[in-house]
Amino acid sequence: MERNHLEENGKEIRRNGMLLKVRDLEVAFSSRKGGRKTVVRAVNGVSFDVKKGETLGLVGESGCGKTTLGRALLRLTPVPVKGGIWYNGEQINTVANRDFRSLRSEMQMIFQDPFSSLNPRMTIGQMLNEVLAVHKVVPRQEAKKKICELLDIVGLTSEYFNRYPHEFSGGQRQRIGIARALAVNPKVIICDEPVSALDVSIQSQIINLLKDLQAEFELTYLFIAHDLSVVEYISDRVAVMYLGKIVEIADANELYANPKHPYTKALMSAIPLPELNRKKERILLKGDLPGPLDMPSGCSFHTRCPEVMDHCRSVEPVLKPLCDGSSHKVSCLLYEEMKC
C-alpha cells in the first residue's frame, strides 16, 4: 500500500511538471524544560510544491522555521525529518546517505552570511576547485578554466582567483557563494536570506543576478527571506510561515493584492510605501511570538490574532484551497465554514 502511494506521488510530480514536492514535513528537536524532556517542532506538517523554473518565496518572522525547512530539504539538519520529500519524482528523504550524495550536485544552497559560509584559510580558487574535484564536474586540468568562467558569470574576474574571503566586500563574498552553488550545475537552489546581510544598494544587484542566472540556467529557487518587498520582486508564488506551519500560499500577485490570513494581512501592512503622501492602515499584532516550548492550543496564531473567534482556541485549522478555483490556499477558521 505504501509503495503504491509513493509511486503515485512520483507520477503526479512528473505529470504536473513539479520538480520538488514536500508533504507533511516535520522537523523536531529534543529539549529540556523543568527537568523534563520536551519536543520542539521547528517545522510542523509543512506541504508545498515547486515547479521547474519557478521561484517559491518563503516568508515569516524570525524563529518561524524557514531556515530549518530549507536545511531539512538538503538533509543539513542534525535530526531526521518525518514526512515526504520528492525530487524529480523520486522520494529522497528516505535514501541512504551514500546514495543522497549524488543528488547534492542537483540541490544546492546559498547561505545567509557570506563570510561565515566561506573557509577563511582557503583562497577562492582553492574553494571552488575543491567543489569541482569532489563532484568530478570537469577534468583536473580544466578546473582553473571552469573556475574563471564561474567568477565571470557572477560578475567577478579571474584576478580574484588567489584572494582570501577577508579581502572581499559582503556583496562580492555572496557572489562567490553563488558561484560555488553553480559550480556543480544544480537544478534547485535553496536561497536562505541571501541578501539580508548586505547593504540595500547591493541587495538589488544580487537579486537581479539571481534572476538572470535563473533564466540562463533554468534554475528553480526556494527563496527564504523576511523582506517582503524583495520576495514580491523575485517570487512567482509566496508561502507564509508561522510557528512551523504554512498558513497561506498563493501566486505572488494574488497574495500581495488580496491576502486572506490575518497574519499575512499584518505582514503586508508593514511594507513601507514609496509615496511620501500616501498612508495605509498598519495592523499591529499584540504580544510576542510564542516560544517553541509553549505552543498555543488550537490555531497557533490565536494569541495574537485581531480576528480571533472562540473556537480558534481549541480547533486547529488546516491549509485548504479557497472556493474561487484558484491555487490560493489558507489555513484559517474564518474560511473553514465556506461552502464551495
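1. Before anything else, a word we'll need: a residue is called buried when its relative accessible area is under 20%. With that in hand, look at helix H2, residues 66–73. Its buried residues are Lys66, Thr68, Leu69, Gly70, Ala72 and Leu73. That makes six of eight, so the helix is mostly covered by the definition just given. After H2 comes Arg75, with a positive phi near 60 degrees. Keep in mind as you read on that this is a predicted model.

2. Now for the cores. The largest nonpolar core holds 60 residues. Ile178, Leu182, Ile189, Leu210, Phe223 and Tyr256 have the most contacts inside it. Another core, of 31 residues, lies apart from that one, and its members include Val46, Ala72, Ile246 and Ile249. You have met Ala72 already, as one of the buried residues of H2.

3. Let's go back to Ile178 for a moment. What is Ile178 in contact with, once neighbours within four places in sequence are left aside? The list is Ile110, Val154, Ile206, Leu209, Leu210 and Leu213. Leu210 is itself among the residues with the most contacts inside the largest nonpolar core.

4. Helix H4 is a nice place to try a little arithmetic. It has 12 residues, 124–135, and at 1.5 Å a residue it should span 16 Å. The C-alpha atoms at its ends are 17 Å apart, which agrees with that expectation. Buried in H4 are Ile124, Gly125, Met127, Leu128, Val131 and Leu132. What covers them includes helix H5 (143–153) and helix H6 (170–182). Just after H4 sits Lys136, and its phi is positive, near 55 degrees.

5. Next, the sheet. It is open, has eight strands with mixed pairing, and runs in the order E6-E7-E8-E3-E9-E10-E12-E11. Why is one side of E6 and of E11 left without a neighbour in the sheet? Strand E6 (107–110) and strand E11 (320–321) stand at the edges, and each has a single partner strand, so there is nothing in the sheet on the other side.

6. Step in from E6 and you can trace a parallel pair: strand E7 (residues 188–192) and strand E8 (residues 220–224) are joined by five bridges. Asp192 stands opposite Ile224 in E8. Helix H6 packs on the sheet here, touching E6 and E7, and its direction makes about 175 degrees with that of E6.

7. Elsewhere on the sheet, helix H10 (residues 262–269) lies across strand E9 (237–242) and strand E10 (245–251), running at about 110 degrees to E9. Leu267 is found in H10. Is Leu267 buried or exposed? Its relative accessible area is 16%, so it counts as buried. Not counting residues up to four places away in sequence, Leu267 touches Leu228 and Val240. Leu267 and Arg282 are 15 residues apart in sequence, and their C-alpha atoms are 9.2 Å apart in space.

8. Last stop: Glu54, in the loop between strand E2 (36–51) and strand E3 (55–59). Its relative accessibility is 10%, so Glu54 counts as buried. The side chain of Glu54 makes a polar contact with the side chain of Arg237, at 2.8 Å. Arg237 is also on the list of residues in contact with Glu54 when neighbours within four places in sequence are left aside, along with Asp49, Gln214, Leu219, Thr220, Tyr221 and Asp236.

Definitions and conventions
Residues are numbered from 1 along each chain as its sequence is written. This is a predicted model: local features need pLDDT of at least 70, side-chain atom pairs count only at pLDDT 80 or more; totals for chains, interfaces and linings use all residues. Side-chain values use heavy atoms; hydrogens and water are left out. A nonpolar core is a set of buried Ala, Val, Leu, Ile, Met, Phe, Trp, Tyr and Cys residues joined through side-chain atoms within 4.5 Å. Buried means under 20% relative accessible area, exposed over 50%, partly exposed in between (1.4 Å probe, protein chains only). Contact means heavy atoms within 4.5 Å. Helices (H or I, at least four residues) and strands (E, at least two) are DSSP runs, numbered from the N terminus. The expected span of a helix is 1.5 Å times one less than its number of residues. Two strands pair if DSSP finds at least two bridges between them. Axes are lines fitted to C-alpha atoms, for helices over the stretch in contact, and angles run from 0 to 180 degrees between N-to-C directions. A polar contact is a pair of N or O atoms within 3.5 Å; within protein, one must be able to donate a hydrogen and the other to accept it, and residues adjacent in sequence count only if both atoms are side-chain atoms.
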